[in-house]
Structure formats: structure tokens, C-alpha cells
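User: I would like to go through this model label by label and hear what each term rests on. Please set the value beside the cut-off wherever a conclusion depends on one.

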Amino acid sequence: MTAGRKVWDVDLLGFPDEEIELRTYGNGHYYGRFMLRPTPGAKPPLQARLVAVTLADHVGAALDTAGMGRGE
């Protein structure tokens with residue numbers, strides 16, 4: 001992940017001491033974001049982080065399929 005403009009190694013450093021923004025896209029359209037408040041230093045496994053990203057991807061795809069945000 002990135003923190004500011006730096007690459008942040010969650011496996012090594014754990015989560016940073018700040019909110020995490022997980023953006024949601026569908027078919028190239030930005031639909032919004034999830035703001036996460038992690039426990040600083042927590043080191044969730046890669047699989048758990050991939051689940052969060054996958055869920056955000058599914059939300060973006062569902063919003064795109066529904067025509068949300070495109071004036072339809």
C-alpha cells in the first residue's frame with residue numbers, strides 16, 4: 001500500500017497510524033471510497049487484505065452494472 005507518497009510494507013511495518021482509503025472503481029469509473037481506521041501496527045495476513053480489495057471491486061462492479069454515477 002502507499003502512505004502519502006511512499007510505499008508502505010504492511011507485512012513488515014503493520015498498518016500506519018492514519019486512516020486508509022480504499023477506492024472503489026467499476027469499469028474505469030471512480031464510484032467512491034471506503035475509509036478504514038486500522039489499529040496502528042496491526043499486521044493482517046495478505047489474504048485478509050485481498051478480501052477487502054475484492055469486496056471493494058465487487059461494489060464498484062455492482063454500481064457500474066446498476067448505472068450509478070453515469071447519469072443513467
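Analyst: Let me begin with a term for strands: two strands count as paired if DSSP finds at least two bridges between them. The model is a predicted one, and within it Y25 has Y30 in β4 as its bridge partner.

User: What makes strand β3 and strand β4 a pair, and in which direction do they run?

Analyst: The requirement is at least two bridges, and 7 bridges join β3, residues 20-26, to β4, residues 29-36, so the two strands pair, and they run antiparallel. Besides the bridge between Y25 and Y30, L22 of β3 stands opposite F34 in β4.

User: What lies between the strands of that hairpin, and which residue there takes a positive phi?

Analyst: The hairpin of β3 and β4 has 2 residues between its strands, and N27 takes a positive phi near 55 degrees. N27 has this phi although it is not a glycine, and its place is the loop between β3 and β4.

User: How do you know whether N27 is buried or exposed?

Analyst: Exposed means over 50% relative accessible area, and N27 has 62% relative accessibility, so N27 is called exposed.

User: Which side chains of β3 point to the face where they are buried?

Analyst: The side chains alternate along β3: I20, L22, T24 and G26 point to one face and are buried, whereas E21, R23 and Y25 point to the other and are not.

User: Why are R5 and R49 given the labels they have, buried or exposed?

Analyst: R5 lies in the loop between β1 (2-3) and β2 (6-7), and its relative accessibility of 87% is over the 50% limit, so R5 is exposed. R49, by contrast, is found in helix α2, residues 46-65, and its value of 18% is under the 20% limit, so R49 is buried. Apart from neighbours within four places in sequence, R49 is in contact with V10, D11, F15 and P44. As for R5, its C-alpha atom is separated by 13 Å from that of E21, which is 16 residues away along the chain.

User: What can be said of T65, and is it buried or exposed?

Analyst: T65 also lies in helix α2, and at 70% relative accessibility it is over the 50% needed, so the label is exposed. T65 and G26 are 39 residues apart in sequence, while their C-alpha atoms are 8.3 Å apart in space.

User: How do you know how spread out the whole chain is?

Analyst: The protein chain has 2 helices and 4 strands, in the order β-β-α-β-β-α along the sequence. Its radius of gyration is 14 Å, well over the 11 Å that the globule rule gives for 72 residues, so the chain is more spread out than a compact globule. Along its principal axes the C-alpha trace spans about 45 × 25 × 20 Å.

User: What do burial and contacts look like over the chain as a whole?

Analyst: Buried residues make up 24% of the 72 residues. Of the contacts with a separation of 6 or more, 50% come from residues 24 or more positions apart. The accessible surface comes to about 5,400 Å², and 57% of this surface belongs to carbon and sulfur atoms.

User: How many charged side chains of each sign are there, and how far apart are the centres of the two sets?

Analyst: There are 8 positive and 9 negative side chains, and the centres of the two sets lie 4 Å apart.

Definitions and conventions
Residues are numbered from 1 along each chain as its sequence is written. This is a predicted model: local features need pLDDT of at least 70, side-chain atom pairs count only at pLDDT 80 or more; totals for chains, interfaces and linings use all residues. Side-chain values use heavy atoms; hydrogens and water are left out. The radius of gyration is taken over C-alpha atoms; the globule rule is 2.2 Å times the number of residues to the power 0.38. Buried means under 20% relative accessible area, exposed over 50%, partly exposed in between (1.4 Å probe, protein chains only). Contact means heavy atoms within 4.5 Å. Accessible areas come from the Shrake-Rupley method with a 1.4 Å probe; for residues, only the protein chains shown count as cover. Lys and Arg count as positive and Asp and Glu as negative; His and the chain ends are not counted. The place of a charge is taken as NZ of Lys, CZ of Arg, CG of Asp or CD of Glu.
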